[in-house]
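Trainee: Could we go through this structure together, one question at a time? I would like to learn how to reason from what I see.

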Amino acid sequence: TSSDVSFADAFVKGVDGIDAQDTYDAALKNATVAPPSGDPYNTNVGRKGLIESTFLGYTPSRVSEGVSWALEGYINDFGLANMAAAMAEDATGAERERLRTEHEYFRSRAQGYVHMFDPAIGFFQGRDSQGEWKSSPEEYDPRVWGHDHDYTETDGWNFAFHVPHDGRGLANLYGGRTALAEKLDTFFSTPETAEFPGS
């Protein structure tokens, strides 16, 4: 549902031609309603794993590509929060209060990326619904494509900085701005190997 943050960003920036209410309602549905599917963990509409991530704060690893779905979801939640705040400025009464409440809720939810960061390995990785990390520091290799279905079409390195909405918070996870800069230096100096499991 990454179109949600795109439309929200366009609305907040005053781009013409956006039906704010319809756009917001669609994004709100994507962010809060479990997809209509017999298998809520693998679907082509809405957000995968929403049925659990709403309560856990992260998408559990039994959801295929759960880390990618979670991190993208936090970005979309941030966009939704900003759109709600902008719409609240022109609203009145109960509608204004509802939008302000939704702004706070999605702003808080957008910070959930911290639940996917494993400080023992220094990367975002999958964890199960009981909170156990998928891989130990000895097992984890950020160069492995997909990392046992954690990432969509990439590896741990390419998701190591996937928090564009909270640069300071991301730096804090790495131990501060200097440590984040060092992590970026390591990323840029690490050759892309596209190592696949079993290769």
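Trainee: What covers the buried residues of helix 6?

Mentor: Keep in mind that this is a predicted model. The buried residues of helix 6 are G169, L170, A171 and Y174. What covers them includes strand 1, strand 2 and helix 7 (177-189).

Trainee: Which residue follows helix 6, and what is its phi?

Mentor: Look just past the end of the helix. The residue there is G175. Its phi is positive, near 105°.

Trainee: How many aromatic pairs are there in the whole structure?

Mentor: A pair of aromatic rings is described by the distance of the centres and the angle of the planes. A search of the whole structure on that basis gives 10 aromatic pairs.

Trainee: What kind of pair do F117 and Y174 form?

Mentor: Their ring centres are 5.1 Å apart, and the planes meet at 85°. Planes over 60 degrees apart count as edge-to-face. So the name for the pair of F117 and Y174 is edge-to-face.

Trainee: How many residues apart are F117 and Y174?

Mentor: F117 belongs to strand 1 (residues 117-118), while Y174 belongs to helix 6 (residues 167-174). Their pair links distant parts of the chain. The separation is 57 residues.

Trainee: Is F117 buried or exposed?

Mentor: Residues under 20% relative accessible area count as buried. F117 has 6% relative accessibility, and its partner Y174, at 12%, counts as buried too. Because 6% is under that cut-off, F117 is buried.

Trainee: Are the rings of Y151 and F159 stacked or edge-to-face?

Mentor: Both Y151 and F159 are buried. Their ring centres lie 5.8 Å apart, with the planes at 15°. Planes under 30 degrees apart count as stacked, so the pair of Y151 and F159 is stacked.

Trainee: Which residues do ring pairs link into a cluster?

Mentor: You have already met two of them, F117 and Y174. Ring pairs link these with F123, F124, Y140, W157, F161, F187 and F188.

Trainee: Which residue has its charged end over the ring of F123?

Mentor: F123 is one of the residues in the ring cluster. A charged end sits over this ring, 3.6 Å from its centre. In another part of the picture, R127 lies over the face of W133, at 4.0 Å from the ring centre. For F123, the residue you want is K183.

Trainee: How many salt bridges does a search of the whole structure find?

Mentor: Side chains of opposite charge can pair when their charged atoms come close. One of the salt bridges joins D9 and K13, at 3.0 Å from N to O. The whole search finds 11 salt bridges.

Trainee: Is K13 exposed or buried?

Mentor: Its partner D9 is partly exposed, with a relative accessible area of 36%. K13 has 62%, and over 50% counts as exposed. Therefore K13 is exposed.

Trainee: Which helix holds both R98 and E95?

Mentor: R98 and E95 form a salt bridge, with the closest N and O atoms 2.8 Å apart. They are three residues apart, about one turn of the helix. The element that holds both is helix 5 (residues 93-109).

Trainee: Which residues are linked in a network of salt bridges?

Mentor: Here we go past a single pair such as D148 and K134, whose closest N and O atoms are 4.0 Å apart. The network links R47, D77 and R109.

Definitions and conventions
Residues numbered from 1 in each chain as written. Predicted model: local features only at pLDDT ≥ 70, side-chain atom pairs only at ≥ 80, totals over all residues. Heavy atoms only, no water. Phe/Tyr/Trp six-rings, centres within 6.5 Å; stacked < 30°, edge-to-face > 60°. Helix = DSSP H or I, 4+ residues; strand = E, 2+ residues; numbered from the N terminus. Buried < 20%, exposed > 50% of the residue type's maximum accessible area, 1.4 Å probe, protein only. Lys NZ or Arg CZ within 6 Å of the ring centre and 35° of its normal. Salt bridge = Lys/Arg side-chain N within 4 Å of Asp/Glu carboxyl O. Contact = heavy atoms within 4.5 Å.
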